Amino acid sequence: MGRGSGVLRFLNDKKNGLSNKRLSLLNMTQYAEKIVREEVARILKNAGLNPVELKAGLGTPPSPELGDYSFNCVLLLRDRRSPEAAAAKAKDLAKRLKPKKYVTKIEVSGPYINFFIDKAKFSALVLREIWTQADSYGNWDLGAGKTVVVDFSSPNIAKPFGVGHLRSTVIGNSICKLYESLGYTCIGINHLGDWGTQFGKLIVAYRKWGKEKQLKAKPVQQLYDLYVKFHAEAQKDKSLEEEARDWFRRLEDGEQEATRLWRWFRDISLKEFRRIYDILNIHFDSYAGESFYNSMLPETITKLKTAGLAQESQGALIVDLERFGMSPCLLRKTDGSTLYATRDIAAVIYRFNTYGFDKMIYVVGADQKLYFRQIFKVLELVGYPWANDLVHVPFGLVRFGTGRMSTRKGNVIFLEEVFQKAVDLTEKIIEEKNPDLEDKHEIATQVGIGAIVFNDLSTKRMKDVDFSWDRMLNFNGQTGPYVQYTYARFSSVLRKYGRQVDDNVNLSLLNSDMETEIVRLLSRFPEAVKHAADEYEPSVVTIYLLDLCEASNRFYNHFRVLSEDLETSKARALLVWCIRTVLGKGLRLLGMETPKRM
RNA sequence: GCGCCUGUAGCUCAGUUGGAUAGAGCAGCGGACUUCUAAUCCGCAGGUCGGGCGUUCGAGUCGCCCCAGGCGUGCCA
């Protein structure tokens, strides 16, 4: 079966920390924010501070009026108990610091030394950088020559695509885009849940209650009904489970009737899934699901046996993991059929041989944390050095009403229904606000789907989410449509500007607090991208975009871009162009469309 | 029982990896469209950061112990 809808955490985190440090030496990318921060660091270094002190003390003041960068002098004292001593130290040190290049002013405030950056120079640096790099702004070369494989979405064939599966799909897709942005080659794999006992259940249900005509007319609905009915009936009649396991065994033995039904179920389901991926505009490099690895299972089991890991226990084949504080990893059931873990182990070996990955990411629900710790440990014990490059990226579950969503119990919300409602509502809003808009349906699709995707990516992935139509269909405030609206609005401004935007502008005309704040935010985008990828956390990007939109809309409401003064218009147009470029890039990193009108 | 995750404003969430006065949105109240898209913006109000103890010059952030909710803990995936 697939990944469900659903710790090597420290191990992996530790490893990433190391590898990132090593990689950063190779990284040639120099962003404006970094250049300026290093200028501040150099001033401090020239006053005799060592790198450790610098790294610990260098920060950002809580408010821009205090400065752009700060250094906390408390850290330079051995005895840190006296605030007066810290303030004295700050005064003393500040005397030896001289403004230079980007740094115009150095001020002492209590124990802090605050550095002020030349706004015009900094704006020039940031805006020219975005201007020249355009859609590449925010990219890194940290992953040049490296490959990352991402296993995501991975729905169960023969089950409807519910909102629970959406999480793995959109988080995984965004992680792919983020890693591509870091310079990695990214292979997206949809590890379809197209094998397992569930097919035994479906075969039993279909033979007992199924109708060919109905299945052909509404395939996924019908398979879903059969699946639910099976579990309802199995409550009363325990022998059904037995029967299902037997049919799965027959499937594994390659019996004709079982194989025929399995293939049929698989084909009609996959067709439906592809439609959903088309709507989301998500593509996979491989649809190799669980069944793909069947031929490799005997070899996999042999390998684990010869490594001295696999052993018989209570009639099943297991890898004992007790000394690592984990329950055993099951490879083969008493009846001889294989399990999820066996297929995953075969899959990752195949993937390494095929793609030679430097990192392999599994975007699968948090309920499978222990499971991934188990198989990662097994692979480590076999002796694969790349076992350390496997990362499970868990996320919280989607809950609906009282319990979690469960296909078995029949309380799932079909993704298509969610899509439908979102697009319908968007069309209604467009009809109200912008009735003359061309391509209404296409824009409504982009915005409606965007709302759903953004909603799923807007909180830290480990939080459980309570499904709520209200939240899903709210288009005001911190939402996808808000970001897309901002993008469309600035696109519109540039359209009406009518001239070519160019970077030959007087940047001192952009010195209001609002504009400075926007430039500051724009300069932080590359770091946000890197942070999001490092943490496997697309929400870093969504939160960033919301901040940028808030600052930008404030600016929009306060100033006119198309003003009477041509020089001012030119400068603001460049700023708007940069905002729009970064918003567009950010939206694409989330897997969202960038409508130019809405 | 044990392990992991979550707990911040009425609701949904941020919080730059331990630093200066904890920030947004929604909901509520009050404002701003003959001017570049009002899916926007501005203002007001809203807090014992689940609780306690500890480490530290300094804790929403780190440690320990509780509390609440969730997930997992051998023949599902």
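The exercises below deal with two sheets, a helix pair and a cavity in a predicted model.

**Exercise 1. The parallel sheet**

Task: Determine the strand order of the open sheet of four strands, and find which strands stand at its edges.

Solution:
- Step 1. The order of the four strands is β6-β5-β10-β11, and their pairing is parallel.
- Step 2. β6 (185-189) and β11 (390-393) each have a single partner strand, so they are the edge strands and one side of each lacks a neighbour in the sheet.
- Step 3. On average, and with direction ignored, neighbouring strands of this sheet are turned by 20° against each other.
- Step 4. For one pairing in detail, take β5 (residues 147-151): five bridges join this strand to β6, and the two run parallel. V150 has G188 in β6 as its bridge partner.

**Exercise 2. Helices on the parallel sheet**

Task: State which strands are touched by helix α6 and which strands helix α14 lies across.

Solution:
- Step 1. Helix α6 (residues 163-181) packs on the sheet and touches β5, β6, β10 (359-363) and β11. The direction of α6 makes about 155° with that of β10.
- Step 2. Helix α14 (residues 369-382) lies across β10 and β11. With β11, the angle of α14 is about 180°.
- Step 3. Angles over 145 degrees count as roughly antiparallel.

**Exercise 3. The antiparallel sheet**

Task: Describe the open sheet of three strands and the helix that lies across its strands.

Solution:
- Step 1. The strand order is β7-β8-β9, with antiparallel pairing.
- Step 2. β7 (310-313) and β9 (329-332) are the edge strands, as each pairs on one side only.
- Step 3. From one strand to the next, the twist averages 45°.
- Step 4. β7 and β8 (residues 316-319) run antiparallel and are joined by four bridges. The bridge partner of S313 in β8 is A316.
- Step 5. Helix α12 (residues 297-306) lies across β7, β8 and β9, and runs at about 125° to β9.

**Exercise 4. A helix pair**

Task: Work out how α10 and α11 are oriented to each other, and which residues meet where they pack.

Solution:
- Step 1. Helix α10 (residues 239-252) packs against helix α11 (residues 256-280) at an angle of about 95°, and their axes are 8 Å apart.
- Step 2. Angles of 65 to 115 degrees count as roughly perpendicular. The two helices α10 and α11 are therefore roughly perpendicular to each other.
- Step 3. From α10 come W247, R250 and L251, which meet E257, A258, T259 and W262 in α11.
- Step 4. Sorted by class, this contact has four nonpolar, one polar and two charged residues.

**Exercise 5. The second largest cavity**

Task: Find how much space the second largest cavity holds, and which residues line it.

Solution:
- Step 1. Rolling a probe the size of a water molecule over the atoms shows where empty space is left.
- Step 2. The second largest cavity holds about 60 Å³ of space.
- Step 3. Its lining consists of Y31, E33, K34, R37, W140, S523, R524, P526 and E527.
- Step 4. α2 (32-46) and α20 (525-534) each supply at least two residues of this lining. The largest share, three residues, comes from α2.
- Step 5. By class, the lining residues divide into three nonpolar, one polar and five charged.

Methods
Residues are numbered from 1 along each chain as its sequence is written. Chains are lettered from A and ligands numbered from 1 in the order in which they are written. This is a predicted model: local features need pLDDT of at least 70, side-chain atom pairs count only at pLDDT 80 or more; totals for chains, interfaces and linings use all residues. Side-chain values use heavy atoms; hydrogens and water are left out. Two strands pair if DSSP finds at least two bridges between them. Axes are lines fitted to C-alpha atoms, for helices over the stretch in contact, and angles run from 0 to 180 degrees between N-to-C directions. Contact means heavy atoms within 4.5 Å. Angles under 35 degrees count as roughly parallel, over 145 as roughly antiparallel, 65 to 115 as roughly perpendicular and the rest as oblique. Ala, Val, Leu, Ile, Met, Phe, Trp, Tyr, Cys and Pro count as nonpolar, Asp, Glu, Lys and Arg as charged, and the others, Gly among them, as polar. On a 1 Å grid over the protein atoms alone, a cavity is a set of points where a 1.4 Å probe fits but cannot get out, and a pocket is an open set with protein on both sides within 12 Å along at least five of seven lines; lining residues have an atom within 4 Å of a point. Grid points are joined across faces, edges and corners, and a volume is the space filled by probe spheres set on the points.
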